[in-house]
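How do strands and helices fit together in a protein fold? Look at the model below, then read on.

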Amino acid sequence: MSAGPDNTAASDDAHWMRRALALAEGVLYLTAPNPRVGCVIVRDGQVLGEGATQAVGGPHAEIMALRDMQARGHAAAGATIYVTLEPCSHHGRTPPCVDALIAARPARVVVAMSDPNPLVGGQGLARLRAAGIPVTASVCAEEALALNPGFVARMTRRTPWLWLKLAASMDGRSALHNGASQWITGPAARADGHHWRARSCVVLTGSGTVRLDNPQMNVRHVQTPRQPIRAIVDTRLETSEDARILDGGPVWIFTCTEDAAKARRLEARNARVIPMPSAPSRPDAPNGSLRVDLAAMLRWMGEHDINEVHAEPGSKLSGALLQSGCVDELLLYMAPLLLGDAQPMARLPALQSLDQARRFEFFETVPLAPDLRIRARVAQNWRELLRCVRAPGDAGA
């Protein structure tokens, strides 16, 4: 049976939207804190113009595509414009993109996901329709969300999207008891990890990892136009002023300890010391234990335009992030070896029943010889973001 005209149109929409998504993926390391957006202008199966959002303060994807179209000598009359995010309808660092689209008078606009920014929130789509331009929304919405979970999370729940990077053996061990862990995984897995650092706004680790490994925590194995901010959870402000993580760009240190003299010395080394409230002690914690309130830390990051956090700590902080409910996604690099009696990848208390288990949903497995990269996420967190960006009553909603 041949596909009907509606099916053919939907297939064409998905095809061109995926081209726009590929453009958005091409600026994955560039646009933060703005979302990654791609735009393609098509007429009769021919690309008239295309573009992607530039660095903060630069033109958005729609403007780049319209400029490209004009440079090629085309006009948008009779064309369909595919854009991976609802066109903005407010004045920010740049004028509203929806005004430029309305002025271009395309035959139709197709959008992957609604803009969760309260300053937009459906107004871009409404203005296009009010101008007599037909709109189809929610085409490849989940694929568009995968490029921008942090932006959507910050706009809707006011905290960034956090993935926890773990490298472990097949029996879930991340280091020997003497601390040796270099290298459990191979070069391909380590290089891939730098891709995830590069796309994040913040690379987060703990003071224990800084003390034991003295890491740089920057991006070195992929080309990137910007380095993410590096951050340390350091409850007692123990970070050495000679630590390598302080070399280069800015570092945030989240602490519960007040030491003005040391804070000034750290600030001379590119660090910003950020006081945080202490979290209530857990039942399994020693009496009098002190720790940074991790949920408060993420709220602070959300207030400071952080979209995505790449957490790469040791087993203690990994366990604390999981127990605090701060982890949205696991980024697990599993090596084909067994370490036996060694340190776990996350320190978690014993459970009394399986009902208490923290559950994730597998959604991607990629071989990185000789290792595997496994991604799993909190299903409810993902579904909530997806609900926020799908336009009711449109395709895929």
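## Sheets and the helices on them

Strands S15 and S16 (residues 371–377) run antiparallel and are joined by 7 bridges. One such pairing links Leu 368 to Asp 371 in S16. Keep in mind that this model is predicted.

Both strands belong to an open sheet of 9 strands with mixed pairing, in the order S11-S10-S9-S8-S12-S6-S13-S16-S15. Strand S11 (271–275) and strand S15 (361–368) stand at the edges, so each has a single partner strand and one side without a neighbour in the sheet. On average, neighbouring strands here are turned by 20° against each other, direction ignored.

Another open sheet has 5 strands, ordered S2-S1-S3-S4-S5, again with mixed pairing. Its edges are S2 (46–52) and S5 (135–136), so one side of each lacks a neighbour in the sheet. Strand S4 (residues 108–111) pairs with S5 in the parallel sense over 2 bridges. Val 109 has Val 135 in S5 as its bridge partner.

Helices lie on these strands. The table gives their directions.

| Helix | Strands touched | Angle |
|---|---|---|
| H2 (residues 61–71) | S1, S2, S3 | about 140° to S2 |
| H10 (residues 294–303) | S6, S8, S9, S10, S11, S12 | about 145° with S10 |
| H11 (residues 315–323) | S6, S8, S9, S12, S13 | about 135° to S6 |

Helices also meet each other. The axes of H6 (residues 149–156) and H12 (residues 379–389) come within 10 Å and cross at roughly 80°. The two are therefore roughly perpendicular. Contact residues include Val 152 of H6 and Trp 382 of H12. The contact residues divide into 7 nonpolar, 1 polar and no charged.

Notes. Residues are numbered from 1 along each chain as its sequence is written. This is a predicted model: local features need pLDDT of at least 70, side-chain atom pairs count only at pLDDT 80 or more; totals for chains, interfaces and linings use all residues. Side-chain values use heavy atoms; hydrogens and water are left out. Axes are lines fitted to C-alpha atoms, for helices over the stretch in contact, and angles run from 0 to 180 degrees between N-to-C directions. Helices (H or I, at least four residues) and strands (E, at least two) are DSSP runs, numbered from the N terminus. Angles under 35 degrees count as roughly parallel, over 145 as roughly antiparallel, 65 to 115 as roughly perpendicular and the rest as oblique. Contact means heavy atoms within 4.5 Å. Ala, Val, Leu, Ile, Met, Phe, Trp, Tyr, Cys and Pro count as nonpolar, Asp, Glu, Lys and Arg as charged, and the others, Gly among them, as polar. Two strands pair if DSSP finds at least two bridges between them.
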